[in-house]
Amino acid sequence: MTAIAEGLTLDDTALAELQASFRGDIVGRNDATYDEHRKVWNGSIDRRPALIARCAGVADVIASLKLCRRHGLPVAVRSGGHSFPGLSVADDAFLIDLSLMKGVRVDPDARTARVQAGVLLGELDRETQAFGLAAPSGIVTHTGVAGLTLGGGIGWIMRKHGLSIDNLRRVDVVTADGELVRASADENPDLFWGVRGGGGNFGIVTEFEFDLVPLGPSVLAGPIFWKMDDSPEVLRFYRDWVADAPDELMTIVLHRKAPALPFVPDELHGKPVVAVICCWAGAAEDGERVIRPLREFGKVVADVCTEKPFLAHQAMFDPSFPHGRWYYFKSCDVPALTDEIIDTTVEHSLQISSPLTSFPIWQMGGAVARVGEDETAFNGRSAGFTYNIGASTATAEGFDEEREWVRNLWSALERHFTGVYVNFLMDEGEDRVRQAYGAEKYERLKTLKRKYDPDNVFRINQNISP
Ligand SMILES: Cc1cc2nc3c(=O)[nH]c(=O)nc-3n(C[C@H](O)[C@H](O)[C@H](O)COP(=O)(O)OP(=O)(O)OC[C@H]3O[C@@H](n4cnc5c(N)ncnc54)[C@H](O)[C@@H]3O)c2cc1C
């Protein structure tokens, strides 16, 4: 027997057999690269899995899962490692790491892309943009396609083209008993419904096939800034202005202390600002016309909304959310930006202490809202705005205070909530997962879980317990 973790042993032969045929790399606690490979994006998460199986392909995934099932080992699954609460690594678990599975194949004629589970958003964009195409995804290039898509996938072009899952044609899934199955509208449609929002609860998705949309290579995009003191008026204007904006326009509102970047006037560095960041998924001339009233409102202190490569816009937030900082989030959907919500938001935002904290309010609607609520497991298609209240510090220093700030703003907004996006949850317990799906959908997901994973093998996630 080999001791692989505290109180956890594995039959020598079983481990040797796995190692003999494994195409990837198996990393244990005594290996030099163990610390590098157990890390996830959120620096406040420090967990020590028993073994890390860095899978090179589907066969490695199946072999790892079968070994875990035979020996009763807890299973964690990781693709991009960006789960806010680190639900892709766990102490003493067998970590099935898909990050080596980087295949992307774009078919420019059919306008589709086949994408393996370890691909990051920027890697997918790089391949699709070579053909003037894109798969709707998220706003930070180092996020994993897999986890983002399995929760829904909100991003810069969703109001025109829908969520990531609305552009998903098919997935390959390794189920709890180690079988590889396909799920699409025609094959295992119940499973296909569940993976479009239900996260990793039903199996390990090894490949995604997306429909692609024409985009770019340039888009009209970028932030427009005002002083945060002006935010009550800016947000009231913004709310009315976006109310009937075309689907081509997607915006995110940001409150933060201004970063010391070249386009921000020196006197504003470190001072509280509000920004409306735009992305226009259409002809730039039309976008200029629609965005003009916003850039002419009030006393704009910096305006860098301009035509630029879509790839550059996708990378805009990368420096604000690097790996290894300490992060904490609480999130909620609200139906509209009422005067009360605006005033609460600004009052609390003026109290942000960390220069690294930067929290987005997402404009929803458009194509997202035109897909039926029952068509996918994703919930919240009728949300007006999604709050992703986040705090960040470089290290543990100051983290508790910043986390308290997040909790205070979230509590102050609580009575306005209509739901929450599952991918923006921390580890908040079953009630919050139920809130993310709504009671009815949650029951439907439980029924599906009983069919595909009755033993809850996949439980290190936003868990739908069978
Ligand atoms: C910096 C940053 C920016 C973000 N921006 C956006 C955004 O713009 N839009 C948006 O919608 N969300 C966004 N998110 C949230 C993001 O969607 C989730 O954190 C998502 O879970 C990340 O996926 P991942 O593969 O990187 O994470 P991981 O931590 O690897 O996985 C997340 C969860 O999914 C499970 N999982 C991962 N891969 C698989 C798989 N192949 N099969 C089965 N289960 C799997 C894991 O077990 C875990 O429970 C962002 C997160 C971060 C940290």
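**Exercise 1.** In this predicted model, find which of the 35 residues around the ligand come nearest.

*Solution.* Start from the ligand and list the residues around it. Val77, Ser79, Ser88, Ile154 and Tyr421 come nearest.

**Exercise 2.** Determine which elements each supply at least two residues of the shell around the ligand, and which residue classes the shell contains.

*Solution.* Step one is to assign shell residues to elements. Strand E5 (75-78), helix H5 (145-151) and strand E12 (204-211) each supply at least two. H5 gives the largest share, with 4 residues. Step two is to sort the shell by class: 19 residues are nonpolar, 15 are polar and 1 is charged.

**Exercise 3.** Locate polar backbone atoms that lie close to ligand atoms, using a cut-off of 3.5 Å between N or O atoms.

*Solution.* Take the ligand oxygens to begin with. A polar backbone atom of Val77 is 2.6 Å from a ligand oxygen, and a backbone N or O atom of Gly144 is 2.9 Å from a ligand oxygen. Then take nitrogen: a backbone N or O atom of Ile154 lies 2.7 Å from a nitrogen atom of the ligand. As for cover, the ligand on its own has 950 Å² of accessible area, and the protein covers 95% of this.

**Exercise 4.** Explain why Cys305 and Cys278 are not bonded through their sulfurs.

*Solution.* Count the disulfides: the structure holds 0. For Cys278, the nearest cysteine sulfur belongs to Cys305, 4.6 Å away. A disulfide needs two cysteine sulfurs within 2.5 Å, so the 4.6 Å between Cys305 and Cys278 is too far for a bond. Finally, check exposure. Cys278 is buried, at 0% relative accessible area, and Cys305 is buried, at 5%.

Terms used:
Residues numbered from 1 in each chain as written. Predicted model: local features only at pLDDT ≥ 70, side-chain atom pairs only at ≥ 80, totals over all residues. Heavy atoms only, no water. Buried < 20%, exposed > 50% of the residue type's maximum accessible area, 1.4 Å probe, protein only. Near = heavy atom within 4 Å. Polar contact = N/O pair within 3.5 Å; in protein donor to acceptor, adjacent residues only side chain to side chain. Areas by Shrake-Rupley, 256 points an atom, 1.4 Å probe, with all protein chains shown as cover. Nonpolar A, V, L, I, M, F, W, Y, C, P; charged D, E, K, R; others polar.
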